[in-house]
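Biologist: I'd like to go through this structure with you, one question at a time. Can you put it up and take me through the reasoning?

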Amino acid sequence: MSVLGIDIGGSGIKGAPVDVETGAFLADRYRIPTPSPGNPDQVIEVIRRIVDHFAWEGKIGAGFPGPVRKGVIHLAANVSDEWLGEDLTKLIHKATGCPATVLNDADAAGLAEMRFGEGKRYEDAYVLFLTIGTGIGSALFVKGELWPNSELGHLKVRGKDAEHRAGDGVRQAQDLSWKSWGKTLQEILLVYDFLLSPDVIILGGGVSKKFNKFGKYLKGTHAKVIPAELRNQAGIIGAAMAAEEALTLD
Ligand code: BGC
């Protein structure tokens, strides 16, 4: 069964047809930079171009960088505020004619990681999956079941959102060393560890491929901290999985 997975991000919108049984891409990923300021009309137009690119006619699953309840956007921290209250499921359907399922981007990436990545080994555990990019996205898994729409990147740590302290955007903008950024990330992970007592924390997002550079600074959590296996593809794969299973995340 194949589904077109789409990952809507603050800097790029990416899509690929996914074999949801295996998690494999059935064609090369297609990426279009997110037009500024990333309002609904602009993003829908990009999604339409991705659908055209693959001449797609089946189901679509899309991950959005904010909490999504029954297809409706409730917070858009790193894209335009014009999203608030919009029903993205309906907008995609209207623009493309394809049935759509929409969920939070980190939830999507977490689902993929739990099914096809490191998470496979932790399906009986309490797992905190984090995707670290411009923002910090989170997905909580209670013995394999997703608790959707957690927004732990916005937890205030010393008066500031966690993602504004330890997001990869901060590391890049301030040109931080792995040591200095790693220590800030450690501070955030210690807070999550204390508040949630997960068994394992899986770190995803592009930066997770550099885990060998910063992993050594992530000391002191009771939870085991490991890098994700799927990295940047996870958001696309998980969005496709959600559409296939028509998860209604509310
Ligand atoms: C959003 C989350 C999202 C994360 C990663 C945060 O700013 O509020 O919903 O998962 O960024 O994109």
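Modeller: Sure. A residue counts as buried under 20% relative accessible area, as exposed over 50%, and as partly exposed in between. Keep in mind that this is a predicted model.

Biologist: Is aspartate 7 buried or exposed?

Modeller: Aspartate 7 sits in strand 1, residues 2–8. Its relative accessible area is 11%. The cut-off for buried is under 20%, so aspartate 7 is buried.

Biologist: Which residues does aspartate 7 touch, leaving out those up to four places away in sequence?

Modeller: Among them are Gly63, Asp105 and Gly235. Helix 3 covers residues 105–116 and helix 8 covers residues 234–244. The full set for aspartate 7 is Gly12, Ile13, Lys14, Gly63, Asp105, Gly235 and Ile236.

Biologist: How do helix 3 and helix 8 lie to each other?

Modeller: Two packed helices are described by the angle between their axes and the distance between the axes. Here the axes of helix 3 and helix 8 come within 7 Å and cross at roughly 90°. Angles of 65 to 115 degrees count as roughly perpendicular, so helix 3 and helix 8 are roughly perpendicular.

Biologist: Which residues of helix 8 meet helix 3, and how does the contact divide by residue type?

Modeller: From helix 3 come Ala108, Ala109, Leu111, Ala112, Arg115 and Phe116. They meet Ala234, Gly235, Ile237, Gly238, Ala239, Met241 and Ala242 in helix 8. By type, the residues of this contact divide into 10 nonpolar, 2 polar and 1 charged.

Biologist: How many residues of helix 3 are buried?

Modeller: The buried ones include Asp107, Gly110, Glu113 and Met114. What they pack against includes strand 8, strand 14 and helix 8. Helix 3 is mostly covered, and the count of buried residues is 10 of 12.

Biologist: Which residue caps the N-terminal end of helix 3?

Modeller: Look at the backbone nitrogen of alanine 106. A side-chain oxygen lies 3.0 Å from that nitrogen, and it belongs to asparagine 104.

Biologist: What span should helix 3 have?

Modeller: Helix 3 has 12 residues, at 1.5 Å a residue. Its end C-alpha atoms are 16 Å apart, which agrees with the expected span of 16 Å.

Biologist: And how does leucine 75 count for accessibility?

Modeller: Leucine 75 is in the loop between strand 7 and helix 2, and touches residues including Phe64, Pro65 and His154. Its relative accessibility is 32%, so leucine 75 counts as partly exposed.

Conventions: Residues numbered from 1 in each chain as written. Predicted model: local features only at pLDDT ≥ 70, side-chain atom pairs only at ≥ 80, totals over all residues. Heavy atoms only, no water. Axes fitted to C-alpha atoms, helices over the stretch in contact; angles between N-to-C directions. Helix = DSSP H or I, 4+ residues; strand = E, 2+ residues; numbered from the N terminus. Parallel < 35°, antiparallel > 145°, perpendicular 65-115°, else oblique. Contact = heavy atoms within 4.5 Å. Nonpolar A, V, L, I, M, F, W, Y, C, P; charged D, E, K, R; others polar. Expected span 1.5 Å × (residues − 1). Buried < 20%, exposed > 50% of the residue type's maximum accessible area, 1.4 Å probe, protein only. Polar contact = N/O pair within 3.5 Å; in protein donor to acceptor, adjacent residues only side chain to side chain.
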